[in-house]
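User: I am new to this structure and would like a close look at one part of it. Could you walk me through how the charged side chains pair up, and what surrounds them?

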Amino acid sequence: MVRNQDIEFVGWVTHHMQALYPKVKVFEIWGEPQCPLLTSGCLPPMRLAQWLEALQKAKPEGAWLVNGGLGIGPWKDTEFVQLMQVGTMQWCDAL
């Protein structure tokens, strides 16, 4: 389910990617919002996948979109599996 805040976030990131390119060529979208240890709520991995799909289509030609935020800690393996299960990585150029 796409929410207004998802549309606004993707629009905000798209604006900044286009404004910063070509000085910045790698854009890292973090997955922390899905981690209950770092935020008060959880972002379902499917929402992150939807963000990345939209951003992959909107990024400037030659830019890289990286899924970041896997960091350290006991939850990272679980988070990685969740991201893989919903197809998040198909929308990234690198992990």
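Analyst: Happy to! A good place to begin is D93, which counts as partly exposed because its relative accessibility is 33%, between the cut-offs of 20% and 50%. Please keep in mind that this is a predicted model.

The side chain of D93 forms a salt bridge with that of K59, at 2.4 Å from N to O. This pair connects distant parts of the chain, 34 residues apart: D93 sits in the segment after α3 (76-85), and K59 in the loop between α2 and β2 (64-68). K59 has a relative accessible area of 17%, so K59 is buried. The bridge between D93 and K59 therefore joins a partly exposed residue to a buried one.

How many salt bridges does the count come to? The total is three, so there are others to visit.

Let us turn to K57 and E53, whose side chains meet at 3.2 Å, again from N to O. These two are four residues apart in helix α2, which means that about one helical turn separates them. K57 is exposed, because its relative accessibility is 62% and the cut-off is over 50%. E53, at 27%, is partly exposed.

The salt bridge of D6 and R47 has a distance of 2.6 Å, N to O. D6 belongs to helix α1 (residues 4-20) and R47 to helix α2 (residues 45-58), so this bridge ties together parts of the chain that lie 41 residues apart in sequence. Are D6 and R47 buried or exposed? Both of them are buried.

That pair leads us to the meeting of the two helices. The axes of α1 and α2 come within 10 Å, with a crossing angle of roughly 35°. The crossing of α1 past α2 is right-handed. On the α1 side, the contact involves Q5, D6, F9, V10, V13, T14, M17 and Q18, while α2 brings R47, W51, A54, L55 and A58. D6 and R47 thus appear again here, as part of the helix contact.

Aromatic rings meet here too. The count of aromatic pairs is two. One of them, F9 with W51, is tilted: the centres are 4.3 Å apart and the planes make an angle of 35°. Like the bridge of D6 and R47, which spans α1 and α2, this pair reaches from helix α1, home of F9, to helix α2, home of W51, across 42 residues. F9 is partly exposed at 25% relative accessibility, whereas W51 is buried at 10%. Together with W12, these two residues make up one aromatic cluster.

Finally, α2 also takes part in the largest nonpolar core. Which of its 14 residues touch the most other members? They are I29, L48, L52, L55 and L65. Elements giving two or more residues to this core are α1, β1 (26-30) and α2, and the largest share, four residues, is from α2. L55 belongs both to that well-connected group and to the contact between α1 and α2. L52, leaving aside residues up to four places away in sequence, touches I29, L65, N67, T88, W91 and C92.

To sum up, α2 carries the bridge of K57 and E53, holds R47 as partner to D6 in α1, and supplies the largest share of the core.

Key:
Residues are numbered from 1 along each chain as its sequence is written. This is a predicted model: local features need pLDDT of at least 70, side-chain atom pairs count only at pLDDT 80 or more; totals for chains, interfaces and linings use all residues. Side-chain values use heavy atoms; hydrogens and water are left out. A salt bridge is a side-chain nitrogen of Lys or Arg within 4 Å of a carboxyl oxygen of Asp or Glu. Buried means under 20% relative accessible area, exposed over 50%, partly exposed in between (1.4 Å probe, protein chains only). A nonpolar core is a set of buried Ala, Val, Leu, Ile, Met, Phe, Trp, Tyr and Cys residues joined through side-chain atoms within 4.5 Å. Contact means heavy atoms within 4.5 Å. Rings of Phe, Tyr and Trp (its six-membered ring) pair if their centres lie within 6.5 Å; planes under 30 degrees apart count as stacked, over 60 as edge-to-face and the rest as tilted. Axes are lines fitted to C-alpha atoms, for helices over the stretch in contact, and angles run from 0 to 180 degrees between N-to-C directions. A crossing is left-handed if the near helix is turned anticlockwise from the far one by less than a right angle, and right-handed if clockwise.
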